[in-house]
Amino acid sequence: MADPSLTSERIQADFERDGAFRTIAQYAERKLISTDEATQWKSRLFALFQDKIEEARREVRHLDTSLARLVDIARSGARNRRFQSPDPDVLRLAHELTTFDSWIISLYETDLTMISYGAPERARAKPAEMQKAMDELYKKRSAAKNWGLKAPELFKLG
């Protein structure tokens with residue numbers, strides 16, 4: 001039986017601060033929960049991961065569909081046709097990029113959520129790291145006068 005001091009608020013705060021796996025291990029080591037309870041909690045956490053993995057798979061399928069539409073739009077726009085304003089290819093591109101971006105953000109949120117289960121501090125740090133890396137990439141591209149410049153070293157992995 002779990003220690004009565006383990007309120008749902010305390011458990012939530014500990015999970016958010018230390019990560020669920022670390023919290024479960026700490027609770028079991030300190031005998032705040034039994035080994036059987038730790039096993040049940042861990043099983044529930046892995047079931048939650050299964051749900052998030054399936055969510056990510058759906059998002060990837062949506063991304064793939066969006067990328068296929070972007071390919072068609074890019075092929076159409078790459079044909080040498082007389083410019084017009086507003087350009088239908090530009091309008092289609094803007095619409096599909098918005099759709100693509102929405103699915104990217106959805107997948108990124110799913111990624112950060114899964115990371116947060118084990119390493120909440122890492123999940124919180126990643127968006128700021130991405131912003132900093134993008135700022136540096138824009139500077140490099142500007143200095144090189146190359147919109148397509150790649151600099152993967154700017155983006156921290158993991």
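With a relative accessibility of 69% for K31 and 74% for K145, the latter residue, K145, counts as exposed, where exposed means over 50% relative accessible area, buried under 20% and partly exposed in between, for a 1.4 Å probe and protein chains only. K145 lies in the segment after α5 (120-144), and its phi is near 50°, a positive value in a residue other than glycine. The model is a predicted one, in which local features need pLDDT of at least 70 and side-chain atom pairs count only at pLDDT 80 or more, whereas totals for chains, interfaces and linings use all residues. Residues are numbered from 1 along each chain as its sequence is written, and side-chain values use heavy atoms, with hydrogens and water left out.

A positive phi is also found at K31, which is not a glycine and has a value of about 65°. K31 is placed in the loop between α2 (20-29) and α3, and, at 69% relative accessibility, it counts as exposed. A further backbone feature is the cis peptide bond that joins S85 and P86, with an omega of about -5°; P86 itself belongs to the loop between α3 (35-78) and α4 (88-118). As a general background, most residues other than glycine have a negative phi, and most peptide bonds are trans.

The secondary structure of the protein consists of five helices and zero strands, where helices (H or I, at least four residues) and strands (E, at least two) are DSSP runs numbered from the N terminus. Read from the N terminus on, the elements follow the order α-α-α-α-α. The protein is more spread out than a compact globule, because its radius of gyration is 23 Å, well over the 15 Å that the globule rule gives for 158 residues; this radius is taken over C-alpha atoms, and the rule is 2.2 Å times the number of residues to the power 0.38. Along the principal axes, the C-alpha atoms fill a box of roughly 75 × 35 × 20 Å.

Of the 158 residues in the protein, 25% are buried. The accessible surface comes to about 11,300 Å², and 59% of this surface belongs to carbon and sulfur atoms, the areas being obtained by the Shrake-Rupley method with a 1.4 Å probe. Among contacts (heavy atoms within 4.5 Å) between residues at least 6 apart in sequence, 54% join residues at least 24 apart.
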